[in-house]
Amino acid sequence: MACFPFLLGWKTSGHPSLSPEVDEEIYAIDNVKIFTYNELRKATDGFSDFYKIGEGGFGPVYKARLKGGKRGAVKILSATSSQGVDEFLTEIKIISDIEHENLAKLYGYCVENGHRILVYNYLENNSLAHTLLGMNPKNIQFSWRTRYRIGIGVARGLAFLHEAMQPYIVHRDIKASNILLDTDMTPKISDFGLAKFIPPNMTHVSTRVAGTLGYLAPEYAVTGRLTRKADVYSFGVLLVEIVCGRKNTDMKLPLGEQYLLEKTWELYERRELVGLVDVAMNGDFDAEEACRFLKVGLLCTQQTSKQRPSMSTAVKMLTGELQIDDNKIKKPVLISDYADWKVRGPQKPSESKSNSYPAASSGSQNQTTSIFTSENSERGW
Ligand SMILES: Nc1ncnc2c1ncn2[C@@H]1O[C@H](COP(=O)(O)OP(=O)(O)OP(=O)(O)O)[C@@H](O)[C@H]1O
Ligand SMILES: [Mg+2]
C-alpha cells in the first residue's frame, strides 16, 4: 500500500496529532482501497440528505455510487463522534484482514484533511434494528426461515471471529443495528470499531467497558474483564429479539412486559415459550425450532459466563445437531437487574466489592447506541 503521510492532516485541521506508531499502523494496513475525499464527495452527491441512509454514534452514513458502478456505504466519523482514532484503526485492521459470508466487507477508507471515512459494501436491506425491530420502510416480511437463517448466520460469523481467528476477536457491540442484511437477507456483522483481540494463551483481557446497554454482559460491565462470552451474552439477547420481533427493552409496555429476557424466562418456567414468538408470522413457523432458539438465547444469557455455550456450540444447538439439556437453563441475568448497575472501567482487585453495584443514571436501560465509560478512554489521544 502506498504511503501518503500528507493525507493525515488531522493536526492542521484541528484534530489531535497522531503518534508515529499510529501513522505506521495505518500505512501497514493492506487489502483495502484508499479513497480521496473528493471521490467520495462526488459519489454521494456532496454528502446530500438524499443519499443519507442512517446515523449512528460514529456519524452519518451515506449510500454511494463508486467507480465501476459498485454501490458503497460511506460512514463518516464526525468531529463530535464519541468514537475516535483507535476505533477507526481497529475497524480497518480487523475487517480488511478477514473474509466470511456473515461479516460485512470493507472496501476502503479515506483519511484526508481531518476527514476519517470508512467505505463498506452497501447492504440492500439495512439493519435488523431498522427492518425487523424498527419502522421497516421496505415492509420486509421476516418469515421463520429468514429468521432461522439470520440467527444461524450471525452465530457462524461470531464463531469464526471467536474460534477461527488467531488472535481471537471479541466484537463487543453485537446488537440489532450492527446486523446488516444483503439482498438475500444474509446477515452481515458490521461495526468492528470496538473489537478487541484476545491472544490464544489468554482467557480474557481487561479493558474499559464499551458496548450497548441491553446487550452488555453484566460481568464485563462490572469488572471490565472481557472474554468471548461477553459476545455470547449479546448474541443471546439478539437471538431472542429475532424470534420475538421485539426490542430487548420497551418502556412503553406495562410493567412485567418491558424486559424481553425477563418475559422469556417467565414463559420458559411456565413451559409457554411458544407464546413469545412474533405474531407477525401469523403462526406460520416451526414451533420446535423457535423454542429451541429461545432456549439457546436463555443459555447464552446465563449469569456466569461459564454457563454460556461457546459460539460453535451455540451453532450446533441452533441447527439441532446438539441436544439442549434443559437442566442447564437457569434464570438469565435480566436487564431489569442489570439496569441498576453502574457501568464502569476495570477495577483493581482490592477495589472490587462483590455484589456492590452502584445505581446507573435513570433511562440508561433505553440506550441503544454504543457507550463508552469515559471520553477518549481507549484512544490514546
Ligand atoms: N454497509 C451498509 N449498508 C447499508 N446500510 C448501512 C451500512 N452501514 C450502516 N448502514 C445504515 O446506517 C445506520 C447507521 O449505522 P452506524 O453503524 O453508524 O450506527 P448504528 O449501528 O445505528 O449505531 P452505533 O453507532 O451504536 O453502532 C445503520 O443503522 C444502517 O441503517
Ligand atoms: Mg452500527
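Guide: Welcome! Two strands pair if DSSP finds at least two bridges between them. Helices (H or I, at least four residues) and strands (E, at least two) are themselves DSSP runs, numbered from the N terminus. With that, we can read strand β5 (residues 106-112) and β6, which pair in the antiparallel sense over 6 bridges. This is a predicted model, in which local features need pLDDT of at least 70 and side-chain atom pairs count only at pLDDT 80 or more, while totals for chains, interfaces and linings use all residues. Residues are numbered from 1 along each chain as its sequence is written, and chains are lettered from A and ligands numbered from 1 in the order in which they are written.

Visitor: Which residue stands opposite Tyr120 in β6?

Guide: From β5, Leu106 does. On the β4 side, Tyr120 is the bridge partner of Ala73. β4 and β6 pair in the antiparallel sense over 5 bridges.

Visitor: What is the order of the strands in the open sheet?

Guide: The 6 strands run β1-β5-β6-β4-β3-β2, and the pairing is mixed. β1 (33-34) and β2 are the edge strands, each pairing on one side only. At the β2 edge, β2 and strand β3 (residues 60-65) pair in the antiparallel sense over 3 bridges, with Gly54 opposite Val61.

Visitor: How many residues of strand β6 are buried?

Guide: First, the rule: a residue is buried if 20 or more other C-beta atoms lie within 10 Å of its own, exposed if 12 or fewer, and partly exposed in between, with C-beta atoms placed from the backbone. By that rule, 6 of the 7 residues of β6 (115-121) are buried. Helix α3 is mostly covered too, with 10 of its 13 residues buried; among them are Phe88, Leu89 and Ile92.

Visitor: What span should helix α3 have?

Guide: The expected span is 1.5 Å times one less than the number of residues. For the 13 residues of α3 (residues 85-97) that gives 18 Å, and the end C-alpha atoms are 19 Å apart, which agrees.

Visitor: Which residues are buried in helix α7?

Guide: In α7 (residues 260-269), they are Leu260, Leu261, Thr264 and Tyr268. These residues cover an arc of only 95° around the axis, so they sit on the same side of α7. The arc is that of the directions from the helix axis to the C-beta atoms.

Visitor: What about backbone angles?

Guide: Most residues other than glycine have a negative phi, and most peptide bonds are trans. Here, Arg172 has a positive phi near 75°, in the loop between β7 and β8 (179-181). Arg172 is buried, with 25 other C-beta atoms within 10 Å. Asp191 also has a positive phi, about 65°, and is buried, with 28 other C-beta atoms within 10 Å. The peptide bond from Gln166 to Pro167 is cis, with omega near -5°; Pro167 is found in the loop between α4 (144-164) and β7 (168-170).

Visitor: How many residues surround ligand 1?

Guide: A residue counts as near a molecule if its C-beta atom, placed from the backbone, lies within 6 Å of it. For ligand 1 there are 24, the closest being Gly54, Gly56, Gly57, Ala73 and Ser177. β2 (52-55) and β4 (71-76) are the elements that give two or more residues to this shell, and β2 has the largest share, 3 residues.

Visitor: Why does ligand 1 lie between domain 1 and domain 2?

Guide: Because domain 1 (5-121) and domain 2 (144-380) both give residues to its shell. The domain bounds come from an automatic or database domain assignment.
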